[in-house]
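The following exercises concern the architecture of a predicted model. Each task is followed by a solution in steps.

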Amino acid sequence: MKYFSRILDIALRELGILWRNRIYGFCMIVFPLLLVVFFTTMLDEGIPQDLPIGVVDQDNSATSRGLIRNLDAMQNSRVVYRFANVTEARCAMQEGKVYAYLYIPEGTAAKLLAGRQPQISFYYTMTCMTAGSMASKDMKTIGMLGSMAVGRAKLSAKGASSRQIRAALQPVSIDAHMIANPQSSYNYSLTTVFVPGILMLFMALLSAYSLGMEMKFDTGKEWLARADGNIVVAILGKYLIHALVFLLVIFLYQYYIFEVLDFPRLGGVWKIVRLSLLQVAGSLGFGIFAFGLMPSLRMSMSISSLWFVLSISMCGSAFPVAGMDAPLQAMSWLFPLRHYWMLYQATVLNGFPVIDVWFHFVALIAFTLLPWFVLRKVKNAMLNYVYIP
Amino acid sequence: MSTFLNRLREHFTDVLHIWRHEMVKVIKDEGVLMFLVVVPLGYPLLYSWIYNNETLHETPVAVVDQSHSALSRQFIHDCDATPDVHVKYYAEDLDEARSLVSRQLVRGIYLIPSDFAELVNRGEQATVSVYCDMSLMLAYKAVYQTAVVEAGRLGAGLNIKKAGNYTKREDAITAQPLVVEGVTMYNPSGGYGSCVLPAVLMLILQQAIALGIGMAAGTARERHRNGQLIPDDDPHYRGAYRIVWGKALCYGMIGAVAAAYLSMAVPAMFSFPQLATGWNLFWMLLPYTLASVFFGLTVSCLVRYRENVMLLMVFVSVPLLFMTGVSWPQSSIPGYWQGVSWLFPSTFGVRAFIRVNSMGASISQVLPEIRILWIQAAVYLGMACLVYRHQFRLARKWAGK
């Protein structure tokens with residue numbers, strides 16, 4: 001009971017600190033909400049649509065115009081430029097006006113009819129991978145349709161039914177099941193890692209910051225005195241409030257994406273809550289540990305921020321960890337966001353049981369317990385260190 | 001005339017003194033040094049290392065072969081032979097395959113139904129079901145596109161057999177009456193690193209400069225007895241313009257070294273695409289570095305404590321990367337975010353750098369971006385002078401008290 005009232009006392013003290021220092025309000029509530037708005041509006045389209053594309057049509061036949069019309073009608077592409085030659089098209093690409101262009105050389109239609117296998121080409125830039133791969137996908141489809149058009153005309157002239165034509169042109173078809181993201185929306189896959197990732201960055205940064213500020217303004221002694229010198233009680237009381245505020249923000253974010261924007265998820269509410277608790281606890285633990293390692297406001301914050309910014313790449317949501325060099329694969333275990341993301345995609349997105357990714361679960365608990373190793377150092381820092389600007 | 005010359009000389013000495021003073025401050029302050037030197041030096045190497053392998057190969061998939069026919073085995077074999085997909089497990093049914101996905105052992109499932117060969121041999125359309133784990137976009141594309149390409153090839157092979165042609169040329173025409181050739185430009189391997197890294201390099205330049213300047217300003221305030229930005233005990237700090245110029249010289253110098261390293265050394269070390277000539281890079285990086293320095297000077301007046309600038313800059317870095325249009329195409333960025341992106345030099349610095357460096361554009365082809373960078377440099381210079389004049393007056397007022 002004694003501990004309980006002390007924790008409560010420290011928590012109330014912390015609440016006052018959060019209230020007075022505007023930085024906390026910004027980093028805990030304003031910035032995270034801005035981030036949610038930023039990513040969800042930025043990626044609202046889901047997949048890039050109507051990408052600007054050019055054509056070089058030197059054939060000028062009904063066939064080539066048909067191809068171009070089809071391309072324009074595709075969801076991801078919009079034909080915005082017609083160039084006289086390839087050089088012009090390439091310059092437009094370098095100027096950033098188009099992401100890709102289709103080149104139809106002279107005589108394409110005539111060769112196609114004569115069965116002399118003409119060749120058309122498309123050029124796409126991969127300096128923006130999303131745009132490049134979308135545009136190339138559309139152009140590949142157009143080319144395939146162009147190829148099939150010949151066969152279709154021949155077969156229907158012979159009197160084949162549409163079912164026969166389909167089977168003759170494409171004996172084996174692919175039936176794709178895109179589990180938990182049927183639109184292959186980038187919003188669903190990017191927002192759900194960037195927002196939690198930056199939130200975790202704030203959690204770690206602020207937990208180091210709040211310890212550093214105690215040292216900077218020499219309030220650490222008073223803080224410890226309230227806990228009667230018990231550093232565990234002091235830390236529990238201090239971070240209780242941080243955890244509650246962050247949890248509130250996270251639940252708000254999750255309510256918004258899952259209930260308002262209808263992001264797909266196959267996992268239930270309990271899985272989301274469990275993940276959020278681990279996410280907050282692990283990040284706070286990391287921040288406290290960083291401060292314990294280097295009890296200096298600026299060093300612990302620098303380390304936390306560099307580490308967590310790196311974790312956005314190291315979590316492997318964009319470029320998979322399995323594709324990285326072996327030492328990096330091992331290092332990925334040291335990034336809390338990696339474990340968060342693995343748990344998220346397995347349990348929340350795909351709804352698989354947590355036992356299948358238990359090692360990531362344990363890893364986040366380990367991050368929560370990390371401060372245990374530096375408790376004495378933190379206490380010592382509070383009592384004896386002097387802040388040097 | 002001589003008074004004018006004297007004043008000019010005096011002005012110059014002050015600027016040079018402030019330059020030296022700032023330089024010493026940077027070197028002595030480990031926090032600033034970390035962001036101005038360690039981050040531009042080390043971070044790009046780490047990022048390059050992470051993305052060094054560029055593309056994903058041999059994505060593991062599980063196969064549920066209910067057809068058990070020569071045709072189904074050929075399809076599986078063909079998929080396995082591609083560089084993108086590796087058939088790692090054979091599962092008895094879909095549930096078993098699903099549990100392999102759940103344990104993160106495979107990224108997708110190919111299900112070949114029992115009537116697969118039968119339908120094909122009867123001349124009807126057969127279907128292969130592909131189940132993709134959508135948590136990794138790259139893996140999904142590998143799993144799905146491999147299946148599409150291999151199904152097409154299998155179908156073409158069957159059609160050739162049926163056609164009863166005499167020559168190879170006839171076979172080729174049967175398989176593909178119209179040849180479609182796709183050519184990847186400016187990042188021929190389609191690698192992730194070559195695509196994202198140039199943008200990250202340029203963003204690091206701006207963020208490091210802004211963070212360094214901001215932290216140095218925060219330190220100056222904290223050391224000051226009245227919490228002011230401009231010291232009142234140093235006679236050389238006697239005008240806002242010379243302070244801005246002196247600081248700009250110091251950080252511009254560091255920025256120039258960092259810019260050269262980031263734009264030439266790092267891409268060469270990791271052999272990322274590099275088509276730019278030295279002068280083109282120079283004319284692109286000059287306005288970008290200047291704009292970043294003056295941007296940093298303007299922002300630095302807003303910070304009270306040195307740590308706050310870190311919170312602010314770290315927070316904006318990911319959105320800034322998104323607004324450059326490198327991971328999400330520029331044409332799909334909503335108009336209001338395009339508007340916001342005009343405030344930051346990084347937006348145009350990144351675009352110009354990618355076009356000049358990765359795509360081999362000439363300076364005249366990136367003229368719109370370069371122009372905006374010069375305008376940003378001028379506007380932020382003006383704003384830096386304004387805010388420093390304000391700070392200067394504040395410092396005077398405090399000193400008077």
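**Exercise 1. Identify the residue that stands opposite Asp175(A), and describe the strand pairing between the chains.**

Solution. Begin with the single residue: Asp175(A) stands opposite Ser129(B), which lies in β4(B). Next, extend the view to the strands. Strand β5 (residues 172–179) of chain A and strand β4 (residues 126–133) of chain B run parallel and are joined by eight bridges.

**Exercise 2. Determine the strand order of the sheet that contains β5(A), and name its edges.**

Solution. Step one gives the order: β5(A)-β4(B)-β3(B)-β1(B)-β2(B), an open sheet of five strands with mixed pairing. Step two gives the edges: β5 of chain A and β2 (85–90) of chain B each pair on one side only. Step three concerns the twist; on average, neighbouring strands of this sheet are turned by 30° against each other, direction ignored. Step four examines one pair within chain B: strand β1 (residues 59–65) runs parallel to β2(B), with five bridges between them. Within this pair, Val61(B) has Val87(B) as its bridge partner.

**Exercise 3. State which strands are touched by helices α4 and α6 of chain B where they pack on the sheet.**

Solution. Take helix α4 (residues 94–102) of chain B: it touches β1, β2, β3 (108–112) and β4 of chain B, and its direction makes about 170° with that of β1(B). Then take helix α6 (residues 137–163) of chain B. This helix touches β1, β2, β3 and β4 of chain B together with β5 of chain A. The direction of α6(B) makes about 170° with that of β4(B).

**Exercise 4. Characterise the side of chain A that touches chain B.**

Solution. First, count the residues: chain A and chain B contribute 89 residues each to the contact. Second, locate the largest share on the chain A side, which is eleven residues from helix α6 (residues 129–158) of chain A. Third, classify this side by residue type: 52 are nonpolar, 28 polar and nine charged.

**Exercise 5. Decide whether chain A is spread out or a compact globule.**

Solution. Start with the content of chain A, which comprises 16 helices and five strands. The radius of gyration is 29 Å, well over the 21 Å that the globule rule gives for 389 residues; chain A is therefore more spread out than a compact globule. The C-alpha trace spans about 95 × 45 × 40 Å along its principal axes. Finally, consider the domains: chain A is divided into domain 1 (2–44 + 187–384) and domain 2 (51–169), whose C-alpha centres lie 49 Å apart.

Key: Residues numbered from 1 in each chain as written. Chains lettered and ligands numbered in written order. Predicted model: local features only at pLDDT ≥ 70, side-chain atom pairs only at ≥ 80, totals over all residues. Domains from an automatic or database assignment. Contact = placed C-beta atoms within 7 Å. Helix = DSSP H or I, 4+ residues; strand = E, 2+ residues; numbered from the N terminus. Nonpolar A, V, L, I, M, F, W, Y, C, P; charged D, E, K, R; others polar. Pairing = 2+ DSSP bridges. Axes fitted to C-alpha atoms, helices over the stretch in contact; angles between N-to-C directions. Rg over C-alpha atoms; globule rule 2.2 N^0.38 Å.
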